[in-house]
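Subject: Structure handover

Hello,

Here is the structure I said I would pass on. My notes on what was found in it follow below.

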Amino acid sequence: MSPPVFRFAPSPNGFLHLGHAYSALLNSDRARETGGRLLLRIEDIDATRCRPEYETAIYEDLAWLGIAWETPVRRQSEHFDAYRAALDRLSALGLVYPAFESRAEIARLVAAREADGPWPRDPDGAPFYPGDARSLSADERDRLIDTSAPYALRLDMAAACRRAAGLSWNELGEGPDGERGVVPARPEAWGDVIVARKETPTSYHLSVVVDDALQDISEIVRGQDLFHATSVHRLLQVLLRLPEPVYRHHGLVRDHGGRKLSKSTSSTGLRELRAAGATPAGIRQLVGLD
């Protein structure tokens, strides 16, 4: 059998904090314990927020922690063709449609819907898409696209779920409510998720499943904040006929108020802790890996 393959996949839109260190160290420890491989992936599809200095800092912080990874590093911004090809496959199945509403227009539509009662929201708290772009004719869609109007490409969730019923995944870690073992997937809880935008031929959900398949990732170790997103990832894996990894979700490092750490939290930033005299061994102790 091939050795297991793990990955740590940060976005260079800020400096790493203790939560990132915890996840990176867990992946590194798992690779060492199993005789596996550790890959580093830079998830930089958001050109407006990702910066070269943050990417450089990621390499510096991980090396300081004593983490070694294989090279070359995969940078998502260099692989849009792979994501575009996956998007084309979904489109060929008739599962993708353009929606032209702006964020402000969507907010107004949701407010109007909620005048009659609660409007459904996804596990992250974002409202389901409230528009009717699915019902636009092909001619009307083409006309709007020709006007250079911005749009998001959304997955027709109902149609996608009809093609891939009875999904689940193997959870080796633990979900937020203690979920373990075979976990039923509920992608319908996300509504018509965005899989690409006019200016970017991918989204987080699409690029992550494509990358995990192309990099032969066999065990995905990541935080519980992404536990529910696994339902969408399993759906896309089945629709695109990609291999199924196993998942190991871990608890989150939180601040004193119980909140998930943010890249703007300087008191838990690795660079600030290093400057204050912290050691790699001390970081392991802070995150409970002593």
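Across which strands does helix 3 (residues 80-92) lie, and at about what angle does it run to strand 4? Please keep in mind that this is a predicted model. Helix 3 lies across strand 4, strand 5 and strand 8, and its direction makes about 100° with that of strand 4.

Those strands belong to one sheet. Strands 4, 5 and 8 form an open sheet in the order 4-5-8, with antiparallel pairing. Strand 4 (96-99) and strand 8 (194-197) are the edge strands, each pairing on one side only. From one strand to the next, the twist averages 30°. Strand 5 (residues 152-155) is joined to strand 8 by 3 bridges in the antiparallel sense, and A152 stands opposite R197 of strand 8.

There is also a parallel sheet. It is open, has 3 strands and follows the order 1-2-3. Strand 1 (5-8) and strand 3 (70-75) each have a single partner strand, so one side of each has no neighbour in the sheet. Here the twist averages 30° from one strand to the next. Strand 2 (residues 37-42) pairs with strand 3 over 3 bridges in the parallel sense, and I42 has R75 in strand 3 as its bridge partner.

Two helices go with the parallel sheet. Helix 1 (residues 18-34) packs on the sheet and touches strand 1 and strand 2, with its direction at about 165° to that of strand 1. Helix 2 (residues 52-65) lies across strand 1, strand 2 and strand 3, and runs at about 155° to strand 2.

On internal space, the structure holds 1 cavity of 30 Å³ or more. The largest cavity contains about 40 Å³ of space. Its lining consists of F8, A24, L38, L39, L40, L62, I67 and W69. By residue class, that lining divides into 8 nonpolar, no polar and no charged. Strand 2 contributes the most to the lining, with 3 residues.

Last, helix 7 (residues 204-214). Of its 11 residues, 9 are buried, so helix 7 is largely enclosed by the rest of the structure. The buried residues are H205, L206, S207, V208, V209, V210, D211, D212 and A213. Both D211 and D212 are thus on the buried list. After helix 7 comes D216, which has a positive phi, near 60°.

Regards

How values were computed: Residues numbered from 1 in each chain as written. Predicted model: local features only at pLDDT ≥ 70, side-chain atom pairs only at ≥ 80, totals over all residues. Heavy atoms only, no water. Pairing = 2+ DSSP bridges. Helix = DSSP H or I, 4+ residues; strand = E, 2+ residues; numbered from the N terminus. Axes fitted to C-alpha atoms, helices over the stretch in contact; angles between N-to-C directions. Contact = heavy atoms within 4.5 Å. 1 Å grid on protein atoms, 1.4 Å probe; cavity = no way out; pocket = protein on both sides within 12 Å on 5 of 7 lines; lining within 4 Å. Points joined across faces, edges and corners; volume = space filled by probe spheres on them. Nonpolar A, V, L, I, M, F, W, Y, C, P; charged D, E, K, R; others polar. Buried < 20%, exposed > 50% of the residue type's maximum accessible area, 1.4 Å probe, protein only.
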